[in-house]
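Please open the model in your viewer and keep the sequence panel beside it. The stops below say what to select next and what is there.

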Amino acid sequence: MLTHCLGVPHISTGDMLRDRIRHGAAEMGTAVVATMQSGALVSDEVVNQMVEERLSQPDAKNGFVLDGYPRTLDQADHLSRWFDARGIREVVIYLAVDYNIVIARLTGRRQCPRCGTLYNLATQPPSVDEMCDLDGEKLVIRDDDNEAVIRERLAGYERQTQPVLEHYRVAGRRVVEVDASNDPPETVFKKICQAMEANDR
Ligand SMILES: [Zn+2]
């Protein structure tokens with residue numbers, strides 16, 4: 001919704017990594033796959049280089065939405081230097097969601113292995129239990145979606161990513177905070193737009 005409204009590309013490091021693994025890029029190898037499946041974060045150097053290459057593409061010339069990056073202080077420093085050298089100004093959008101709500105959402109997620117359609121047992125269940133509405137295939141839980149992996153990912157977030165938010169706040173960069181715990185995506189989107197407008201003034 002945000003990229004559509006702004007007319008800029010959505011750049012998700014998670015999607016990019018999954019994409020590279022799917023296409024078996026030689027330099028990614030099995031180590032990255034194992035790291036992702038354990039819920040840990042992929043090395044800063046790998047991700048920084050991947051993002052830089054992506055941001056240098058022509059479609060990102062007039063702006064972009066970064067999703068899942070930067071997640072560590074080193075990544076944030078790297079990105080700030082890259083931005084400052086090019087006169088790019090960023091806005092940090094912080095979607096605050098209660099941990100218990102995150103876990104309930106993620107563990108309820110199911111995917112059809114045949115067509116890729118995503119369901120959520122809590123908010124968007126299939127009409128027949130555990131079966132894809134489109135092709136009747138039995139739904140599966142993605143490997144990185146079980147609760148132990150999610151808790152490890154949240155711990156990693158607290159350890160590595162929470163300090164990134166503090167870093168931007170202390171440095172006086174633009175940070176927009178939105179409570180995203182209970183509202184549907186459309187409402188969260190409206191809140192983001194309102195918060196950004198308020199921040200512009
Ligand atoms: Zn399906």
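Select Glu-130 to start; in this predicted model it sits in the loop between β5 (118-120) and α7 (147-170). Check the backbone here: phi of Glu-130 is near 60°, a positive value in a residue other than glycine. With a relative accessibility of 22%, Glu-130 counts as partly exposed.

Now zoom out to the whole protein chain. Colouring by secondary structure should give 8 helices and 6 strands. Read from the N terminus, the order of the elements is α-β-α-α-α-β-α-β-α-β-β-α-β-α. The protein chain has 201 residues, and buried residues make up 33% of them. Take the contacts between residues at least 6 apart in sequence: 62% of these join residues at least 24 apart.

Next, show helix α2 (residues 13-22) together with helix α4 (residues 44-55). At what angle do α2 and α4 pack? The angle is about 100°, and the axes are 11 Å apart. That makes α2 roughly perpendicular to α4, since angles of 65 to 115 degrees fall in that class. Turn on side chains for Thr-13, Met-16, Leu-17 and Arg-20 in α2, which make the contact with Val-47, Met-50, Val-51, Glu-53 and Arg-54 in α4. By type, the residues of this contact of α2 with α4 are 5 nonpolar, 1 polar and 3 charged.

Keep α4 on screen and add helix α5 (residues 73-86). The axes of α4 and α5 come within 10 Å and cross at roughly 30°. Angles under 35 degrees count as roughly parallel, and α4 and α5 are therefore roughly parallel to each other. Their crossing is right-handed. On the α4 side, select Asp-44, Val-47, Asn-48, Glu-52 and Leu-55; they meet Asp-74, Gln-75, His-78, Leu-79, Trp-82 and Phe-83 of α5. The residues of the contact of α4 with α5 comprise 5 nonpolar, 3 polar and 3 charged. Val-47 takes part in this contact and also in the one between α2 and α4.

Stay on Phe-83 and add Phe-64 and Trp-82: these residues form one aromatic cluster. With ring centres required to lie within 6.5 Å, the count comes to 2 aromatic pairs. One of them is Phe-64 with Phe-83, a tilted pair at 6.0 Å centre to centre with 40° between the planes. Which parts does this pair tie together? Phe-64 lies in the loop between α4 and β2 (65-67) and Phe-83 in helix α5, so the pair links parts that are 19 residues apart in sequence. Are these rings' residues buried or exposed? Phe-64 is buried, at 18% relative accessible area, and Phe-83 is buried as well, at 3%.

Move along the loop between α4 and β2 to Lys-61, which is also placed there. Lys-61 is exposed, with a relative accessible area of 67%. Draw a distance from the C-alpha atom of Lys-61 to that of Val-8: the separation is 8.8 Å, although the residues are 53 apart along the chain.

The last stop is Pro-70, in the loop between β2 and α5. What kind of peptide bond joins Tyr-69 and Pro-70? The bond is cis, with omega about -5°.

Technical notes:
Residues numbered from 1 in each chain as written. Predicted model: local features only at pLDDT ≥ 70, side-chain atom pairs only at ≥ 80, totals over all residues. Heavy atoms only, no water. Axes fitted to C-alpha atoms, helices over the stretch in contact; angles between N-to-C directions. Helix = DSSP H or I, 4+ residues; strand = E, 2+ residues; numbered from the N terminus. Parallel < 35°, antiparallel > 145°, perpendicular 65-115°, else oblique. Left-handed = near helix turned anticlockwise from the far one by under 90°. Contact = heavy atoms within 4.5 Å. Nonpolar A, V, L, I, M, F, W, Y, C, P; charged D, E, K, R; others polar. Phe/Tyr/Trp six-rings, centres within 6.5 Å; stacked < 30°, edge-to-face > 60°. Buried < 20%, exposed > 50% of the residue type's maximum accessible area, 1.4 Å probe, protein only.
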